[in-house]
Amino acid sequence: MTFNINHQFGIAASWHALDEKLTLVSASSEFCELAKIYENPPQFLTFFEAAGQADLLRAVRAVPKGEALTLDLPMKLNRTKQWFRLRGIVKMREAAEPLLQLTYTPIEDLIQRERELDRNVKEMTELAEWLMAEYPGNVYISDQDNYELLYVNPIACDTLQAARSQVTGKPCYAVIQGLDKPCSFCTNSFLKEHESYEWNFENQKLKRAFKIKDRPIRWQNRRCRIELSYDMYSSEYKLAKKDREREVILNTIPVGMARLDACDLSTVLWYNEKFLEMIGYTETQFESELHCQCNYIHPDDMARLQEISGNLKTTGENAVFDKRIRKRDGEERILTTTLGYVSAQDSWDGIASYYSIGLDVTDERRQIETLQHKAEKDALTSIYNRAETESQISSYIAENPQSMGALFMIDTDDFKQINDTQGHMVGDVVLTELAMAMKKIMRSSDVVGRIGGDEFTIFMKPISRVEDARQKAEVMLDIFRSLFKKDKNAVQVTCSIGIAIYPEHGKTFKELYAGADKALYQVKLQGKNNYQIYNPQMNETLGTLEYSGLRTAIDSEMKPQPNSDRTISSVFQILYHTENLDQAIMTILERIGRQFDVSRAYVFESSEDGLYCDNTYEWCKPGIEPQKENLQHMNYHGLDDYQSLYSEDLIFYCRDISTLSPAQQALFAAQHIHSTLQCAFKVDGRFSGFVGFDECTGSRLWSAEEVRVLTLVSQILTMFLQKKQAQETAKKMNFYQMILDAQEESLYVIRQDTFELLYANRRSLGSQTDHGKGTPCYRVLHGRSAVCEDCPFGESAAASAKKTVRVSWRGLAACLVIKNKQEEE
């Protein structure tokens, strides 16, 4: 089997026979350069270690035909070991054996991050063990599947009157309660993921009463239960109950509010006046007609409400979702609802409840649906507009590289004369009827779009021969000629058609469009009302034509765009009401990118230490090469102080990259950027990333209004990104902060460089009215005006070494300090 090199594929890829050696049949030039293959390739499997060979062969044999496989493996290329993500699919071929196609994406940085994550997990585990050892009550960790006791802290050893080695590895129910089978705590059905469960318990074996708090965790990569217990008369958890309900209330807003009984998820226990106004009832009508039941909710949405409410008991978080309601007069409205759950144990009156708030978004949702339709469809003809036409065709070509298709460029002959003699109203009718005729002629899978005032594009997919395109063009011309013949005031309409065949005349949308455009021009020169298939010899006659078709203005698109404030409002509404922030951000980047006709829109977010940044979101206009994978872990300081490019208003605008430093020019040139507009954001005064918009087709002069709108959109995006970052950080800290708050001793976290008090646990808050968060620790803890001589950050910290540990607290270098009762007194 002859090996050949594909110079047009554009990425690292290879093709293989489906034999035991996965014989290399063909490869892209990028793969050959990567593997240093110039003529005779080595056996393909030699690029992998023995285990990798077995994994790859096993995956190839197991994948069903037509489905893709994905595998991460190390490869030995050019005498170096590198990690790659292999994506493969078996390609079927007519009258030939099928081939396996593989593409390669380097993931060495990803592997390094995973290893770093493993190290971080180990460090956090060590910290957790240290914290549990310092915890003043009992700590037990047991396997939820076999009830094996995995960990006990020193206090628990004292309680059990046994060494750790004597109890670990044994059933928890036997060690703690002296039972011979699992107890009700071991098989606790109330124990849910991300939710703690607490109760009072009289231990008959130890003859002591305990207040117990359980929570499921992952420990040593096992499904476990952690149990904290101490004397039941402590006031710690009484405060916790009050805090829980207060947090739910603080998370609501002053709109339509209601409290639902969690027992039946139907009875409304409490509501405010805005709630009655939204559902269209008076207090008397609500109680007498609906009997305080939530029958105002659309029946089709009740099942979803029940599912969401059930999940809240597990997650302990609030949920935001849309639901429909029917007002008393029958009108249907859409409410964005925030729902929070309070258990009976945490409730002030012992009734498990759901607290909800409702915001009427009916008008905004209808407006968004209208704008989404406008974003894809031409306003006059209701077929695809120019942007969506190009996107649909480009996507099909990328996903079906082996298929054959035909791109038609259709121009209405002498359309200006029709407008001038018959009027624009008739002209609009002509365009609409032409569009409807094209839709009827073509298959539902074909792409039909309007890309100019009187110009249309059709992509016929797939075709088996060129003759199919010829026949379709002849049918179209006949229909166009007779389109208005039966009208009382007949209008003669003809069209000229240029055709380019994929992949013979081009492998991208732009190449096909240029070929069809030349063929169309040839028809115009020869008298119109005909069709022509592109022939490369036309270039000699016509010369090189610039690709300008997609710059043609469409009448319907020349109408004023929705004003800027509506654009900004739409962005906020999408982000505020979304249940998937990542998806919402991508939707906004695409819409803003299309509205302002930019090449690329994206978000960069900085690392916790502020030294690096990662491209976390990216949208690219069709034909623009994505850059996200190439822009990870970027070093700010290696780019000539990149942050200094931003003004006091956090704006960086560059019309021409040649004005930048050499390092910065190289960065932008590698991405084919000519002009850029970037809007930075800060968190706690620290540069934390930016939102950007690039122009890759030439220099661009950004108007003041464009800068204003894009800046506001960036600020809205960053507000929600910061909220997401805060939520992720809070989740990471949740487990450890729970243990810190339960300490009987006062515990503080102090910032290393400023000695600022970052955190104080509940014990410290109870013992000091003014705990001094944000002020120097030496003033709060010791009443001093200067740093202590035995400061744990200094060289002579031996005296306090047992009560301090260095930690990273929300990205800041800090020290965890425990202050015992004697020190407090």
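Reading aromatic pairs, a sheet and a core

Biologist: How many aromatic pairs does a search of the whole structure find?

Modeller: The search gives 25 aromatic pairs. Bear in mind that this is a predicted model.

Biologist: How do I read one such pair, say Phe 604 and Phe 690?

Modeller: Take the distance between ring centres and the angle between the planes; planes under 30 degrees apart count as stacked. For Phe 604 and Phe 690 the centres are 4.8 Å apart and the planes 15° apart, so the pair is stacked.

Biologist: Where in the chain do Phe 604 and Phe 690 lie?

Modeller: Phe 604 is in strand β22 (residues 600-606) and Phe 690 in strand β27 (residues 686-695). The pair links distant parts of the chain, 86 residues apart.

Biologist: Are these two rings buried or exposed?

Modeller: Buried means under 20% relative accessible area. Phe 604 counts as buried because its relative accessibility is 6%, and Phe 690 is buried at 4%.

Biologist: What kind of pair do Phe 652 and Phe 668 form?

Modeller: Their ring centres lie 6.4 Å apart with the planes at 50°, so this pair is tilted. Phe 652 belongs to strand β25 and Phe 668 to helix α20, so the pair ties together parts 16 residues apart in sequence. Phe 652 counts as buried at 4% relative accessibility, and Phe 668 counts as buried at 2%.

Biologist: Which aromatic cluster holds these four residues?

Modeller: One aromatic cluster includes Phe 604, Phe 652, Phe 668 and Phe 690. Tyr 602, Tyr 642, Tyr 646 and Phe 687 also belong to that cluster.

Biologist: Now the helix. Which residues of α20 are buried, and how are they arranged?

Modeller: The general idea comes from helix geometry. An α-helix has 3.6 residues a turn, so residues three or four places apart point the same way. In α20 (residues 662-670), Gln 664, Leu 667 and Phe 668 are buried. Seen down the helix axis, these buried residues fall within an arc of 90°, so they line one face of α20. The face turned away from that buried side carries the exposed residues Pro 662 and Ala 670.

Biologist: What do the buried residues of α20 pack against?

Modeller: They pack against β24 (634-635), β25 (651-654) and β26 (675-683). After α20 comes His 672, with a positive phi near 65°.

Biologist: In what order do the strands of the open sheet run?

Modeller: Read across the sheet rather than along the chain. The 6 strands are ordered β24-β23-β22-β27-β26-β25, with antiparallel pairing. β24 and β25 are the edge strands, each pairing on one side only. Between β25 and β26, which run antiparallel, there are 4 bridges; in one of the bridged positions, Ile 651 has Cys 679 of β26 as its partner.

Biologist: Which residues touch the most other members of the largest nonpolar core?

Modeller: Of its 33 residues, they are Phe 408, Ile 410, Ile 497 and Ile 499. Elements giving two or more residues to this core include β17 (405-412), α14 (424-441) and β20 (495-502). α14 gives the most, with 7 residues.

Biologist: Which residues is Ile 410 in contact with, leaving aside its neighbours within four places in sequence?

Modeller: Among them are Met 438, Phe 456, Ile 458, Met 476, Phe 480 and Ile 497. The list also includes Asp 454 and Glu 455.

Conventions. Residues numbered from 1 in each chain as written. Predicted model: local features only at pLDDT ≥ 70, side-chain atom pairs only at ≥ 80, totals over all residues. Heavy atoms only, no water. Core = buried A, V, L, I, M, F, W, Y, C linked by side-chain atoms within 4.5 Å. Buried < 20%, exposed > 50% of the residue type's maximum accessible area, 1.4 Å probe, protein only. Contact = heavy atoms within 4.5 Å. Arc of directions from axis to C-beta. Phe/Tyr/Trp six-rings, centres within 6.5 Å; stacked < 30°, edge-to-face > 60°. Pairing = 2+ DSSP bridges.
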